[in-house]
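Colleague: Got a minute to walk me through this one? I'd like to start with the strands.

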Amino acid sequence: MSNYELQVKQQVEKLSSCSYHEIETAVAAKRISWYRQQAFDSRSGHAATPREAFERLFFDYMGLAPKDLPIIHETEDKIVWQSKNACPTLDACLRLGLDTRKVCRAAYEKSTQAFLSQIDPQLRFLRSYQEIRPYAGHCLESIVKIDFEQIMRIAIAEARISRMEGNKGYGAVIVYGQQILSKTYDTATTENDPSLHAEVKAIREAVQVTGDANLSGAVLFSTCEPCPMCSALAVWANVTSVVYGASIEETAKLGKARIMISSQTMVEKSPVMIEVIGNVLGQECTNLYR
């Protein structure tokens, strides 16, 4: 049996016996462990580019050849390629009659992002589920770099509008790659509806834009760490990452009424994998609540 055929057989067994979440978690842990063991140099101390992340993932880690991944577009903050390599997951899905659009999104999208986030969490992995094998001759994929602080400033601007209108001053933005899906603020006070937190409204607007209740690949930005209600909705919307400025603990110290359960705790108890990143423009966000 060839090495490739063995890999396909292993994938068949894995997809037949494990949940997608189990596969996702295991793959992410394996990739993170490998990356941390490499002790890569700092590449002269400059911020990682999409090209460098692309090479780390596919050439250094996966051992693929450039001919398997022809690049069709590249800029300083974006690289787009067509994956044409022999793929054990693709062949395993074909043998099992599984839909790669479902399998790859559920098990291999966030685990790829987990690898990129070791390099720089501002690097985001995106995959087209319209151009994916076997429904196309290739898998269209990309890595884009987004500016967390720039997006958080948009959320801060939304929070200031909230305060001016008589609400509590929370702002939220959801992006998919470099596309803003939604930006909004809390209106619970002015609309007499306690569910209208900024994050809830942002998720509702984002799924209307995408036409899909699954926001895998998207990043939720919030000026303040999402409360348990908003964190739970982020789980059910399956966002890839939550990025916030001020923490629940910090705002509670400032006298804000908070349920003292962190977003990370909510995610750890959930059935999905979500990356939680705090303290992005933390001081500026905390100042909103003084």
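Modeller: Sure. S3 and S4 pair in the antiparallel sense, over five bridges. Strands and helices here are DSSP runs numbered from the N terminus (strands E, at least two residues; helices H or I, at least four), and two strands pair if DSSP finds at least two bridges between them. This is a predicted model, so local features need pLDDT of at least 70 and side-chain atom pairs count only at pLDDT 80 or more, while totals for chains, interfaces and linings use all residues. Residues are numbered from 1 along each chain as its sequence is written, and side-chain values use heavy atoms, with hydrogens and water left out.

Colleague: Which residue stands opposite Ile-143 in S4?

Modeller: That's Phe-125.

Colleague: And what's the strand order of the whole sheet?

Modeller: The order is S1-S2-S4-S3, an open sheet of four strands with antiparallel pairing. S1 (71-75) and S3 (123-127) stand at the edges with a single partner strand each, so each has one side without a neighbour in the sheet. From one strand to the next, the twist averages 15°.

Colleague: What packs on the sheet?

Modeller: Helix H5 (residues 100-119) does, touching S3 and S4 (139-145). The direction of H5 makes about 160° with that of S3. Contact means heavy atoms within 4.5 Å; axes are lines fitted to C-alpha atoms, for helices over the stretch in contact, and angles run from 0 to 180 degrees between N-to-C directions.

Colleague: How many bridges join S2 to S4?

Modeller: Six, running antiparallel. Lys-78 stands opposite Val-144 in S4.

Colleague: Is S4 buried or exposed?

Modeller: Seven of the seven residues of S4 are buried, so the strand is largely enclosed by the rest of the structure. Buried means under 20% relative accessible area, exposed over 50%, and partly exposed in between (1.4 Å probe, protein chains only). Cys-139, Glu-141, Ile-143 and Lys-145 point one way, Leu-140, Ser-142 and Val-144 the other.

Colleague: Switching topic: how many disulfides does the structure hold?

Modeller: Zero, taking a disulfide as a pair of cysteine sulfur atoms within 2.5 Å.

Colleague: Why no bond for Cys-139?

Modeller: Because the closest cysteine sulfur, in Cys-104, is 6.4 Å from the sulfur of Cys-139, too far for a bond. For Cys-87, the closest is also in Cys-104, at 6.3 Å, again too far.

Colleague: Last one: what covers the buried residues of H7?

Modeller: The cover includes strands S5 (171-176), S6 (179-185) and S7 (218-224), plus helix H8 (228-237). Among the buried residues of H7 are Val-200, Ile-203 and Val-207.
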